[in-house]
Every structure is written in structure tokens, then in C-alpha cells.
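Student: Please take one part of this model and describe it closely. I would then like to know how that part fits into the rest of the fold.

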Amino acid sequence: MNQEAILSEEFEISGGDFVNGGRASCLIKNILKEIGIDAEILRRVAIAAYEAEMNVVMYARRGIMKLVLTPKRIIIKVEDEGPGIHDIELAMQPGYSTATPEMREMGFGAGMGLPNIKKNSDKFNIESTVGKGTNLEIIINLNNKNV
Ligand SMILES: Nc1ncnc2c1ncn2[C@@H]1O[C@H](COP(=O)(O)OP(=O)(O)O)[C@@H](O)[C@H]1O
Ligand SMILES: [Mg+2]
């Protein structure tokens, strides 16, 4: 299980920055595309990373998105400093959202981000400490023809 990283990158995410929000996940998608990762896997990574990134933009102060590629999987970790999530089970429910009216006007707040991250991951882990922040781990397996 202790697979060596082929590639490791880190990107910063700023809370409240809707102008640059989405850049980290876009860069990750481009890096993996360049390497030749299969389109279907790329699509799943892009959705999961984008939803995780926008949650930091919308709900946290700042965060970091880490990409690790190993011969067998893509691992994305998102660690933020922010309010944390009181009730993870509730936050994971499709349709649950605390998005503000302003965010909803921009088209966010469908409450499908976390469910879609889970759906597009082979393994998804979420941990949160109220008053401190939230950590996500998204793992997407490669089918062996990729690398
Ligand atoms: N990184 C985070 N920090 C704090 N709260 C979060 C974070 N990510 C998600 N949440 C909470 O979980 C809820 C559900 O998230 P999500 O499924 O992505 O839906 P949406 O972003 O549309 O609200 C959010 O409305 C918010 O209350
Ligand atoms: Mg969301």
C-alpha cells in the first residue's frame, strides 16, 4: 500500500475569493491531462476537486489543496482553516446547504458538492473540528493502463 509518489503538488485556496476560486482544481486537471490520465478519471477528479475547492472559497478562511499521484491512484487532500462542520452527516445529505443568498445568486448552494465528491471518489474521508477547520481526502484509483 505504501506507493511512492510520482508527482506531488500544492495549491493555496483563499476563502471568499470567487475570482480565483476554481483555479487549483483547474490546474490539477491540466497537470493530470498532460500526463495522459484517462478522460473518465480526469472528469471525476475535476468534479471532486472543484467542489472541494469551492467549499473552501465559500465556507472557510483559507486552505491548501494537495495533489499526490502514485502508480495506482490520485490522492487529493484539502485542508482548510475555517469554522469547521458541526454535523458532517447532515452536511453530506443531498440538498443541504448553508450558502448565503449572494452565493445562491452566483449559482452555488445546491447542496450537492459533498455528495458529488463522495460519488466521484473511490475513497472519501472527511474530518472536521468546529472552530478550526475541515480536512478532506479524496482517492481515485487509476486503471492500470494510465501510467
Ligand atoms: N470546508 C467547509 N467548511 C465549512 N463548512 C463546509 C465546508 N464544506 C461544506 N460545508 C458545509 O456543508 C454544507 C454542504 O456542502 P455542499 O454539499 O458542498 O453544498 P453547498 O456547497 O452547495 O452548500 C455547506 O453548505 C456548508 O454548510
Ligand atoms: Mg459545495
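**The second largest pocket and its surroundings**

Tutor: Phe11, Glu12, Ile13, Ser14, Asp17, Asn20, Gly21, Arg23, Ala24, Leu27, Glu53 and Val57 line the second largest pocket, where a pocket is an open set of points on a 1 Å grid over the protein atoms alone, reached by a 1.4 Å probe and with protein on both sides within 12 Å along at least five of seven lines, and a lining residue has an atom within 4 Å of a point. The model is predicted, so that local features need pLDDT of at least 70 and side-chain atom pairs pLDDT 80 or more, whereas totals for chains, interfaces and linings use all residues. Residues are numbered from 1 along each chain as its sequence is written, chains are lettered from A and ligands numbered from 1 in the order written, and side-chain values use heavy atoms, without hydrogens or water.

The volume of the second largest pocket is about 150 Å³, a figure that stands for the space filled by probe spheres set on grid points joined across faces, edges and corners. Three elements each give at least two residues to this lining, namely strand S1 (7–14), helix H1 (23–35) and helix H2; helices (H or I, at least four residues) and strands (E, at least two) are DSSP runs numbered from the N terminus. The greatest share comes from S1, which supplies four residues. Sorted by class, the lining of the second largest pocket has five nonpolar, three polar and four charged residues, with Ala, Val, Leu, Ile, Met, Phe, Trp, Tyr, Cys and Pro counted as nonpolar, Asp, Glu, Lys and Arg as charged, and the others, Gly among them, as polar.

Glu12, one of the lining residues, also leads into the sheet, for its bridge partner in S2 is Ile64. S1 and strand S2 (residues 62–69) run antiparallel and are joined by eight bridges; two strands are taken as paired if DSSP finds at least two bridges between them. From there the sheet continues as an open arrangement of five strands in the order S1-S2-S3-S5-S4, with antiparallel pairing. S1 and S4 are its edge strands, each of which pairs on one side only, and S1 is thus both the main contributor to the second largest pocket and an edge of the sheet.

Beyond S2, eight further bridges join S2 to S3 in the antiparallel sense, and Arg62 stands opposite Glu81 in S3. The link between S2 and S3 is a hairpin of three residues. S3 in turn pairs with S5 over seven bridges, again antiparallel, and within this pairing Lys77 has Glu137 in S5 as its bridge partner. Glu137 is met once more on the way to the other edge of the sheet, where Asn125 stands opposite this residue of S5.

At that other edge, S4 (residues 123–129) and S5 (residues 133–141) are antiparallel partners over seven bridges. Thr129 stands opposite Gly133 in S5. The hairpin of S4 and S5 has three residues between the strands, and there Gly131 takes a positive phi near 85 degrees. Lys123 belongs to S4, and the C-alpha atoms of Lys123 and Ile140 are 6.8 Å apart in space, although 17 residues separate the two in sequence.

The model also has a pocket that ranks above the one with which we began. The space in the largest pocket comes to about 710 Å³. It has 34 lining residues, and those closest to its centre are Asn55, Tyr59, Ile85, Thr98 and Leu114. At least two lining residues come from each of H2 (39–59), strand S3 (73–81), helix H3 (88–91), helix H5 (113–120) and S5, with H2 giving the most, eight residues. The classes here are 20 nonpolar, eleven polar and three charged residues. H2 therefore lends residues to two linings, since it supplies at least two residues to the second largest pocket and gives the most to the largest one.

Seen as a whole, the protein has five helices and five strands, and from the N terminus on these elements run β-α-α-β-β-α-α-α-β-β. Along the principal axes, the C-alpha trace spans about 45 × 30 × 25 Å.
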